[in-house]
Amino acid sequence: MPTRKQRDESAVLEPEKARVKPPPLYRVVLLNDDYTPMDFVIVVLERFFGMNREQATIVMLKVHREGKGVCGVFPRDVAATKVDQVSAYAQQYQHPLACVMEEN
């Protein structure tokens, strides 16, 4: 008959691997309008999305030419915060710049 110590060593429990899928990601998108200056859009992209001048200019031109441009992809809470920050900043400077989030 095995001793208690032998029984404990043979009953090794392995941790179950949790099957948690990553949270859905959301694109933060700027929408074109006919009133917000291009320079203001570049400032928004640099300030809130950490882009350099060249990256911000590329996205701004995409917004201008195609009607919208993706600023980044984030978890839901981060995306919602970015949308709120950009919207408040645009409103503070009286620009109608629209920022929305879309599921990726």
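Here is a chat between a learner and a teacher about reading this predicted model.

Me: Where do I start? How many helices and strands does the chain have?

Reply: Start by listing the elements, then their order. This chain has four helices and three strands. Reading from the N terminus, the elements go α-β-α-α-β-α-β.

Me: Okay, and what is the order of the strands in the sheet?

Reply: Order in a sheet is about who sits beside whom in space, so look at the pairing; strands count as paired if there are at least two bridges between them. Here you get an open sheet of three strands, in the order β2-β1-β3, with antiparallel pairing. The edges are β2 and β3 (98-103), and each of them pairs on one side only. From one strand to the next, the twist averages 30°.

Me: How many bridges join β1 to β2?

Reply: Seven, and those two strands run antiparallel. On the other side, β1 (residues 25-31) pairs with β3 over six bridges, also in the antiparallel sense.

Me: Which residues stand opposite each other?

Reply: Pick a residue in one strand and look across to its neighbor. Leu25 faces Pro75 in β2. Tyr26 has Glu103 of β3 opposite it, and Leu30 has Cys99 of β3 as its bridge partner.

Me: There's a helix lying over the sheet. Which strands does α3 lie across?

Reply: Helix α3 (residues 53-66) lies across β1 and β2, and its direction makes an angle of about 125° with β2. Click on Val59, which is in that helix. Leaving out residues up to four places away in sequence, Val59 touches Leu45, Met51, Gly69 and Val70. From Val59 to Leu45 the C-alpha distance is 8.1 Å, with their positions 14 residues apart in sequence.

Me: Is Val59 buried or exposed?

Reply: You judge that from relative accessible area, and under 20% means buried. Val59 comes out at 12%, so Val59 is buried. Over the whole chain of 104 residues, 29% count as buried.

Me: Can you show me a buried residue in a strand?

Reply: Try Gly72 in β2. Its relative accessible area is 14%, so Gly72 counts as buried. Set aside residues up to four places away in sequence, and Gly72 touches Tyr26, Arg27 and Val28. Gly72 and Val28 are 44 residues apart along the chain, yet their C-alpha atoms are separated by 5.6 Å.

Me: How much of the contact in this chain is between residues far apart in sequence?

Reply: Take the contacts with a separation of 6 or more: 73% of them link residues 24 or more positions apart.

Me: Now salt bridges. How many are there?

Reply: The thing to look for is a side-chain nitrogen of Lys or Arg within 4 Å of a carboxyl oxygen of Asp or Glu. The count here is four. One of them joins Arg53 and Glu46, at 2.7 Å from N to O. Arg53 is exposed at 51% relative accessibility, while Glu46 is partly exposed at 24%.

Me: What about the one between Arg27 and Glu102?

Reply: Their side chains meet at 3.1 Å, N to O. Arg27 is in β1 and Glu102 is in β3, so this pair ties together parts 75 residues apart in sequence. Arg27 is partly exposed at 23%, and Glu102 is partly exposed, with a relative accessible area of 23%.

Me: Which Lys meets Glu102 in a salt bridge?

Reply: Lys68, at 3.3 Å from N to O. Lys68 belongs to β2 and Glu102 to β3, so the pair ties together parts 34 residues apart in sequence. Because they share partners, the salt bridges join Arg27, Lys68 and Glu102 into one network.

Me: Last one: what is on the surface?

Reply: Check the total, then look for groups of similar side chains. The accessible surface of the chain is about 7,800 Å², and 52% of that belongs to carbon and sulfur atoms. Leu25, Val70 and Val73 form a nonpolar patch on the surface, with about 210 Å² of accessible area together. You've met Val70 already, as something Val59 touches. Val70 is in β2 (residues 68-75) and counts as partly exposed, at 37% relative accessibility.

Conventions
Residues numbered from 1 in each chain as written. Predicted model: local features only at pLDDT ≥ 70, side-chain atom pairs only at ≥ 80, totals over all residues. Heavy atoms only, no water. Patch = residues over 30% accessible without salt bridge, like charges linked within 9 Å, V, L, I, M, F, W, Y side chains within 5 Å. Areas by Shrake-Rupley, 256 points an atom, 1.4 Å probe, with all protein chains shown as cover. Buried < 20%, exposed > 50% of the residue type's maximum accessible area, 1.4 Å probe, protein only. Axes fitted to C-alpha atoms, helices over the stretch in contact; angles between N-to-C directions. Contact = heavy atoms within 4.5 Å.
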